[in-house]
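Here is a short set of questions and answers on one structure. Keep the sequence and the 3D view at hand as you read.

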Amino acid sequence: MNHRPSRSTWIKWLLLAALVLAVALGLLRAFNKRQTQTEAATTAAKALQQAPVYELSPQDVVSVQTLALSQAVGVSGSLKALQTAAIKAKVAGELQGLEKREGEAVRAGEVVARIDSTEALARVRQAQQQAQAALAQVGIARRALENNQSLVKQGFISATALETSSNNLAAAEANHQAALAALDIARKALGDTTLRSPLTGQVSARLVQNGERVGLDARILDVVDLSGFELEAALAPADAMSVAAGQKARLSVEGLAQPVDATVARINPSVQAGSRSVLVYLRVPAVTGMRQGLFAQGQIVTGEINAPAVPLSAVRNDKPQPYIQIVQDGKIAHVPVTLGRQGLLDGEPMLVIDGVTLAPVGTTLLRVQAGLIREGTAVKLAPAATTATTSPVAAATTH
């Protein structure tokens, strides 16, 4: 008897074959994907090994060297003129004759304005008349005393009457002196109606206009003498310990192209109650273009120190801890530093790093113009750069 496979059996075999084929294709696809990923990782590793090496120019690097630095204390503040004056009204009244405006020059003793003197003149005349009346009473009392002295000698009046005449004369003379004092006061008030500049300088502020009625002690003009300036700087007590009168400083003044020299004139003996700072006053000579209120900052030279140092500009602050970029075994390394002692080398701020063990003397580091380079990046020095880092003076001052 011949048994032929049924149709349903053939269908089962076909489905099984299709399933096996699908599984095989899936395994093949997974294998190919893994192989592709492996090849990509290998290619990336090779590319990383063959990454370009940064070449640093002589201007990009500097070496840690032991240098003779000028120790300095940083100062900043606004310039103030040594002499300023506020011209105020000494009497109340209507302001007249005010012609000066901001920026115009005035001389010491120059009349800059007047206050209506009508009342003051009337008081002077009144005081003069009262003084004349008092003088007339003195004459009357003196003649009465002289007459009574003759009558006493003749026995017509008693000695008591003579004493009364003498007292009347003394009272009249006292009244006359009081009237003269009142006249002086009236004349003083009349003189106060004329406003004069107490110093030679320039008008910095005009606070009233002609025709206004001003009160006693009202400010009329502010005058500034630009022949000398002073800088008031607040220092921490620790920094103030090394500052003394007579020390030199160099300041950069806002708006001036060249720095100016200054001298420590005096130091406040008291600490400020709120800020706990010490005020130091620097005398600054006048320079063309200098104005009161300009901001200035600089350094007071307090001594010298020999220590390993790097330019302060090479210190980066884009991390929580300040750091410098050094070249170590041909790669960039970021070494943390502490912003502690500082000094100056030919006017350039330098940071003392004698406590940084990872950057001993002779270590090559990057200047600020080299920019940020990722830690671990391979670098090489240009042939001229090696020579530049061997000279401490050239390396520290080239910027």
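Q: How far apart are the closest N and O atoms in the salt bridge that Asp222 forms with Arg219?
A: This is a predicted model, so the distance is computed from it. A salt bridge needs a Lys or Arg nitrogen within 4 Å of an Asp or Glu oxygen. For Asp222 and Arg219, the closest N and O atoms are apart by 2.1 Å.

Q: Asp222 or Arg219: which one is buried?
A: Buried means under 20% relative accessible area. Arg219 has 39%, so it is partly exposed. At 13%, the buried residue is Asp222.

Q: Which residue meets Lys188 in a salt bridge, and is that partner buried or exposed?
A: The side chain of Lys188 meets that of Asp192, at 2.9 Å from N to O. Lys188 is partly exposed, with a relative accessible area of 48%. Its partner has 12%, under the 20% cut-off. The partner is therefore buried, and its name is Asp192.

Q: In which helix do Glu119 and Arg123 both lie?
A: These two residues form a salt bridge, with the closest N and O atoms 3.6 Å apart. Glu119 is exposed at 52%, and Arg123 is partly exposed at 47%. They are four residues apart, about one turn of the helix. That helix, residues 118-154, is α2.

Q: How many salt bridges does the structure hold?
A: Glu119 with Arg123 is one of them. Lys188 with Asp192 is another. The total for the structure is nine.

Q: Which strands are the edges of the open sheet of four strands?
A: The order in this sheet is β7-β6-β4-β9, with antiparallel pairing. An edge strand pairs on one side only. The edges are β7 (194-196) and β9 (213-214).

Q: Which residue in β7 stands opposite Arg114?
A: Strand β6 covers residues 111-115 and pairs with β7 in the antiparallel sense. The two strands share three bridges. Opposite Arg114 stands Thr194.

Q: Over how many bridges do β3 and β14 pair?
A: Strand β3 spans residues 65-88, and β14 spans residues 295-311. Thr66 stands opposite Pro308 in β14. The pairing is antiparallel, and the number of bridges is 14.

Q: What is the bridge partner of Pro311 in β18?
A: β14 also pairs with β11 (residues 248-253), over five bridges. There, Leu251 stands opposite Gly298. With β18 (residues 348-352), β14 pairs over three bridges. In β18, the partner of Pro311 is Met350.

Technical notes. Residues numbered from 1 in each chain as written. Predicted model: local features only at pLDDT ≥ 70, side-chain atom pairs only at ≥ 80, totals over all residues. Heavy atoms only, no water. Pairing = 2+ DSSP bridges. Buried < 20%, exposed > 50% of the residue type's maximum accessible area, 1.4 Å probe, protein only.
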